Amino acid sequence: MVNRLSGVKPTTAFTSSKSPQSDPIDYSNDTIRKVFDDDVFWHNFQKSKSTAWSMVGLEQKETGLFRNPYLTSPSGLRKFSHDSSRKAQQILSELVAPQTDEGLKKYIATLDRLSDILCRVIDLAEFIRVAHPSRAMVTAAQECHEEMFEFMNILNTNIHLYENLHKVLNTERIRSALTDEEVQVGEILLADFLKSGITMDDETRNDFINISQRIAVLGQHFANGVGEPESDHTLIPAADMKGTDTHLLSQIPMDIRRRNYKIPTQGFLAHAVLRSSPNESVRKRVWIGLHSTSKSQVAVLEDMLRHRGILARVLGRDSYSSYQLEEKMAKKPTHVLDFLKKLAQETKKHACGELRSLATLKQRQLGQHHELSDEEVAEFLKPWDRDYFSTIYFASQRTSNQEQLSSYFSLGSVMQGLSNLFSKIYGIQLVPAPLLAGESWSNDVRRLDVVSENEGLIGVVYCDLFQRGGKTPNPAHFTVCCSRKIYADEAPEDLALIQKGTSPLTNEQFQLPVISLVCNFERHGGIGKCLLTLNEVETIFHEMGHAMHSMLGRTALHNTSGTRCATDFVELPSILMEHFAKDARVIQSFARHYLTDEPIPLPLLTKFQEESQFLMHSESYSQIKMALLDQLLHSDAVLSEQFDSTTLYHSLESKLRVFADTESNWQGKFGHLFGYGGSYYSYLLDRAIASKVWDHLFAENPLSRENGEKFKNRVLKWGGSRDPWLCVADVLDTPQISKGDDAAMKLIGETNLSV
């Protein structure tokens, strides 16, 4: 298939007799490596675009971001938002008008189309706010985001939309005429209406609105205060600092009488003391200072949690967690708790085993020699011991060199490896494509067309991966535009705003999914290449897992496309990709020295992987504790007159042990309590499912096409249009978990979190 938008055809492996024309650009598999590793090659690649485009009759001309002609300036972005709002208002007026049976049969599809129009602006604005280098564009995006988000909130409270949708789903002659996907989308939208309190009486509804607004204000206040310590320093008597590195001591301020060191509770000095002080009392006081926050911050948290509990009661739920979980895989707080407790049981024994080496070092320092049981290890090591004894351990154990390892992971070779992997398991390749003038927001952006051996072009990934000033430091995946079916009555001017594809299998046109991956990988001076750490390799594999979900989860409707699925299911494809990134067989298939082209030596890789996984199970156990705390603080306990979040936190830590914290009020620094609110377990659930999928499909052969097709067809292709438990049961060949009940959650909890 020829991509009529870019003039790029598939690589040789995917070329058939149906596309015989020659191509003036080398699209061999090595191209993808060169466009990321060689700026000169990329520049020449871009220069050659006029020749490639002329072959398919596409003029070289200025366009806007993502080939949307509106998006050439901040004013163009505002006009795009304004015109989209006008179209949405027109569709809304049609939806709230009296409906015939034919109108009701199309009702969900029309609602979905309305949602697509709004999300194209909201998702685009969200991306621009984070990644665009122009302050003027960011300001315009913020305005558009707020205006369109407000409009969407108004729609969520429109009683006429709700009543018509309710009628569609509860009138048998109408419902029976709908596709399964339409019913699924209808149920999702109906649940959104109900969560907005649309069926409440006026008094209750006013309470709901006021409480929701109060939660939003408190939540933002809490999030803003997460970084605030209880005090800006911890006082340590000078005599207690004996044995600490003198160079470090010279950097720590002292009081006027030079009797006490004033160790800041923010910045590197406190962590340096934790790593180097042989005095446990010093480490304990510094650790508590780092992990404690102000009483006012804890008060804000508790006020937010109480209001969430009250909101749940207004909605007729026992707790905020119950309210949050209804539309998720877990369904009930009891299911989450059973899963987490089972997972904790499986993980704790591994965590205690790996901590034994640190416990031995502490015993040796204290002159103790008796053997400790697992429970004794958990009690013996304190959270302020971890950094100090880990430093001692690594000083005697570490032999590998990160720079030496990174020499085998140029960004281009990693992207080439990903393309090869997707080709092997999914029959899909990443094909570099030249950019039109104005199509991207930075000269560093690379466009990759996602090409299927059966269907040609199925999506586009814009890769903004190089370090740039003012850019978000955290890796991110943005769905700029979802895949969906093109409707027969869509106006040509609307179709001109999107990138389109056509399936040769069905001859149907669809809106191409457009994804942007944003990372901040550093170019190494002198060589001009990004040489990645093993963690950064895993990061790009993770983010490309999301991208593949968006590419392959092509549904007829926007609301169930790609990653638009349950929030405790959405990380499964990306976490599964981390398993591939850790598999030596996969790594050896692409990791080559950037100078010599020699393959990575297996002993070097194995040694570094062993070191990088040090305390892996302890980290997992810490995440389990945090997920349990999230459940506890969103239970009905918050409505008790005796509610005290610090007491609950210390009680939970005492029961779970393993670096137990019974000294600080760290829960006031746990920022995810606002953003996740009863669903922090989600990442752990997907990690557990991904581990089972890996063991079932790929552990024996990570390049199995048969099992790649199985995962693609039983999980990825559905997006959010199928119950995720049915997908999981299907791909694991375990039908007994298809109901997603308590037994299913417990079974998933019986997992060794190896990634």
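**Group meeting talk: helices, a sheet and some buried residues**

Good morning. I begin with glycine 417, which is located in helix H21, residues 411-426. Please keep in mind throughout that this is a predicted model. Is glycine 417 buried or exposed? Its relative accessible area is 3%, so glycine 417 is buried. As a first impression of distance, consider glycine 417 together with histidine 650: they are 233 residues apart along the chain, and their C-alpha atoms are separated by 46 Å.

I turn now to the sheet. It is an open sheet of five strands, and the order of the strands is S3-S4-S5-S10-S6, with mixed pairing. Which strands form the edges? They are S3, residues 428-433, and S6, residues 476-481, each of which pairs on one side only. From one strand to the next, the twist averages 30°.

Let us follow the pairings across this sheet. S4 and S5 run antiparallel and are joined by seven bridges. Within that pairing, arginine 446 has cysteine 463 of S5 as its bridge partner. The connection from S4 to S5 is a hairpin of three residues. S5 also pairs with S10, here in the parallel sense, over six bridges. In this case valine 461 stands opposite isoleucine 515 of S10. Finally, S10, residues 514-521, pairs with S6 in the antiparallel sense over five bridges. There, phenylalanine 478 is found opposite serine 516 of S10. With both senses of pairing in view, we can return to the description of the sheet as mixed.

A general remark may help when you look at the strands on the screen. In a regular strand, the side chains alternate between the two faces of the sheet.

How many residues of S5 are buried? The count is 11 of the 11, and S5 is therefore largely enclosed by the rest of the structure.

Which helices lie across these strands? Helix H6, residues 107-131, lies across S5, S6 and S10, and runs at about 145° to S6. Helix H23, residues 534-552, lies across S3, S4, S5, S6 and S10, and its direction is at about 175° to S10.

Before leaving the sheet, I would like to point out serine 442, in the loop between S3 and S4. Its relative accessibility is 13%, and because buried means under 20%, serine 442 counts as buried. A polar atom of the serine 442 side chain lies 3.1 Å from the backbone nitrogen of aspartate 444.

Next, I shall compare two pairs of packed helices. The pair H4, residues 74-96, and H7, residues 135-155, packs at an angle of about 10°, with the axes 8 Å apart. This angle makes H4 roughly parallel to H7. Many residues make the contact, including Leu77, Ala88 and Leu92 of H4 and Met137, Cys144 and Phe151 of H7. By class, the contact of H4 with H7 has 12 nonpolar, four polar and three charged residues.

The second pair is H30, residues 682-698, with H33, residues 742-749; they pack at an angle of about 70°, and their axes are 9 Å apart. H30 is therefore roughly perpendicular to H33. On the H30 side the contact involves Leu685, Ala688, Ile689 and Lys692, and on the H33 side Met745, Leu747 and Ile748. By class, this contact of H30 with H33 has six nonpolar residues, no polar ones and one charged residue.

I close with three residues in loops. Valine 638 sits in the loop between H27 and H28, and at 2% relative accessibility it counts as buried. Which residues does valine 638 touch, leaving aside those up to four places away in sequence? They are Leu305, Arg306, Gly309, Leu633 and Phe643. Phenylalanine 711 is 73 residues from valine 638 along the chain, and the two C-alpha atoms are separated by 41 Å.

The other two residues concern the backbone angle phi. Most residues other than glycine have a negative phi. Phenylalanine 66, however, has a positive phi of about 60° although it is not a glycine. Phenylalanine 66 lies in the loop between H3 and H4 and counts as buried at 7% relative accessibility. Leucine 615 likewise has a positive phi, near 65°. Its place is in the loop between H26 and H27, and leucine 615 is buried, with a relative accessible area of 2%.

Thank you for your attention.

Technical notes:
Residues numbered from 1 in each chain as written. Predicted model: local features only at pLDDT ≥ 70, side-chain atom pairs only at ≥ 80, totals over all residues. Heavy atoms only, no water. Axes fitted to C-alpha atoms, helices over the stretch in contact; angles between N-to-C directions. Helix = DSSP H or I, 4+ residues; strand = E, 2+ residues; numbered from the N terminus. Parallel < 35°, antiparallel > 145°, perpendicular 65-115°, else oblique. Contact = heavy atoms within 4.5 Å. Nonpolar A, V, L, I, M, F, W, Y, C, P; charged D, E, K, R; others polar. Pairing = 2+ DSSP bridges. Buried < 20%, exposed > 50% of the residue type's maximum accessible area, 1.4 Å probe, protein only. Polar contact = N/O pair within 3.5 Å; in protein donor to acceptor, adjacent residues only side chain to side chain.
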